[in-house]
Amino acid sequence: MNIKKSLIPNELSYGLPSWVQNTGCCHWDGVRCDSKTNRVTDLGIAGSEYSGRISSSVGDLPYLENLGFRDFKNITGSIPRAITKLKHLKFLELSYLGLSGPIPNFLNQLTTLNYLYLTNNQFSGSIPPNLSDLKNIRTIQLNGNKLTGSIPESFGKFTGSVPSLFLSGNKLSGPIPKSLGALDFGMIDLSSNKLVGDASMLFNPNHGLTGIIKLSRNQFAFNLTNVKFPTNLNTLDISHNKIFGEIPQEIEGLENLEMLKLGYNRLCGKIPTGGRMQRFPSTSFMRNKCLCGSPLKISCK
């Protein structure tokens with residue numbers, strides 16, 4: 001009930017009507033329990049009718065595996081340290097809230113965590129390097145915040161599984177660590193930051209898991225000519241950078257490519273037309289230095 005007390009409904013809300021004192025919490029909205037032990041394993045609340053903070057009482061649910069608060073723009077403050085008491089937590093989502101301050105360093109104590117979603121808050125400061133200590137992590141989403149500084153070098157050295165990484169829509173700056181090139185990220189999204197320099201190390205034909213690479217709206221500058229693409233690449237967006245050279249002919253061999261955005265760079269040469277390349281419109285290639293050929297209405301000399 002302390003969790004309910006920390007959430008203040010607005011005048012148009014009915015609050016959490018099923019959360020009634022002295023009734024079985026396993027039947028409350030957003031609560032699930034283990035069918036055998038009746039211990040609370042899931043707590044998930046979504047909506048926009050509340051204000052307040054996340055109560056430290058969440059730490060008093062020691063068997064919690066899934067915890068989610070989503071779509072409460074008036075839930076403010078920080079992530080309570082008591083969350084580290086949840087030794088079975090696998091899924092943590094605190095997204096589309098009004099949380100602020102730095103992302104706490106103690107999240108690496110959630111050693112069983114598989115999924116971390118802190119999307120669209122007001123978090124600031126640098127990314128905690130020790131998130132790479134999470135040996136079971138599969139996805140890290142920190143996009144849509146106000147994070148600054150560089151991507152930690154440690155993110156190229158995850159000690160366990162390699163997570164999909166979403167860092168878009170922040171204020172990250174500087175070059176990306178070369179060590180990221182050693183890891184087979186299933187999905188990596190670094191778009192809409194202030195990152196600079198070389199990102200070609202993210203392209204590796206031996207990385208069979210990599211399906212999505214999004215690097216748009218940064219200041220990356222590297223030669224695309226000799227880049228070798230991951231064979232299962234599905235989505236490639238490197239638009240709005242300073243990338244130069246030619247589009248490699250090998251791009252025609254990407255049988256799973258569904259989305260391609262190369263526009264607003266400094267690319268030159270003839271656009272390859274084999275494979276799946278003919279399915280992409282002129283907007284995929286527009287506003288480059290000297291690209292030519294179909295689908296652009298610019299003939300190659």
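**Exercise 1. Identify which ring the charged end of R39 sits over, and how far it lies from the centre of that ring.**

Solution. The criterion comes first: a charge sits over a ring if NZ of Lys or CZ of Arg is within 6 Å of the ring centre and within 35 degrees of the ring normal. In this structure the ring is that of Y63, and the charged end of R39 is placed over it at 4.1 Å from its centre. The model is a predicted one, in which local features need pLDDT of at least 70 and side-chain atom pairs count only at pLDDT 80 or more, while totals for chains, interfaces and linings use all residues. Side-chain values use heavy atoms, with hydrogens and water left out, and residues are numbered from 1 along each chain as its sequence is written.

**Exercise 2. Classify the ring pairs that link F91, Y115 and Y117 into a cluster.**

Solution. Step one is the rule: rings of Phe, Tyr and Trp (its six-membered ring) pair if their centres lie within 6.5 Å, and planes under 30 degrees apart count as stacked, over 60 as edge-to-face and the rest as tilted. The count by this rule is 6 aromatic pairs. Step two takes F91 and Y117, whose centres are 5.5 Å apart with 50° between the planes, which makes the pair tilted. This pair links distant parts of the chain, 26 residues apart, with F91 in strand β6 (residues 91-102) and Y117 in strand β7 (residues 115-117); strands here are DSSP runs (E, at least two residues), numbered from the N terminus. Step three takes Y115 and Y117, which are stacked, at 6.3 Å centre to centre and 5° between the planes.

Step four adds accessibility, where buried means under 20% relative accessible area, exposed over 50%, and partly exposed in between (1.4 Å probe, protein chains only). Y117, at 17%, is buried, whereas F91 is partly exposed at 24% and Y115 is partly exposed at 25%.

**Exercise 3. Describe the disulfides, including handedness and burial.**

Solution. A disulfide is a pair of cysteine sulfur atoms within 2.5 Å, and the count is 2. One joins C268 to C290, with an S to S distance of 1.6 Å, and is right-handed, with 90° about the S-S bond. Because C268 belongs to strand β20 (residues 266-270) and C290 to strand β21 (residues 290-292), this link ties together parts 22 residues apart in sequence. C268 is buried at 18%, while C290 is partly exposed at 37%.

The sulfur atoms of C292 and C300 are 2.0 Å apart, and the torsion about their S-S bond is about 105°, so this disulfide is right-handed. C292 is buried at 10%, and C300 is partly exposed at 33%.

Methods
Helix = DSSP H or I, 4+ residues; strand = E, 2+ residues; numbered from the N terminus.
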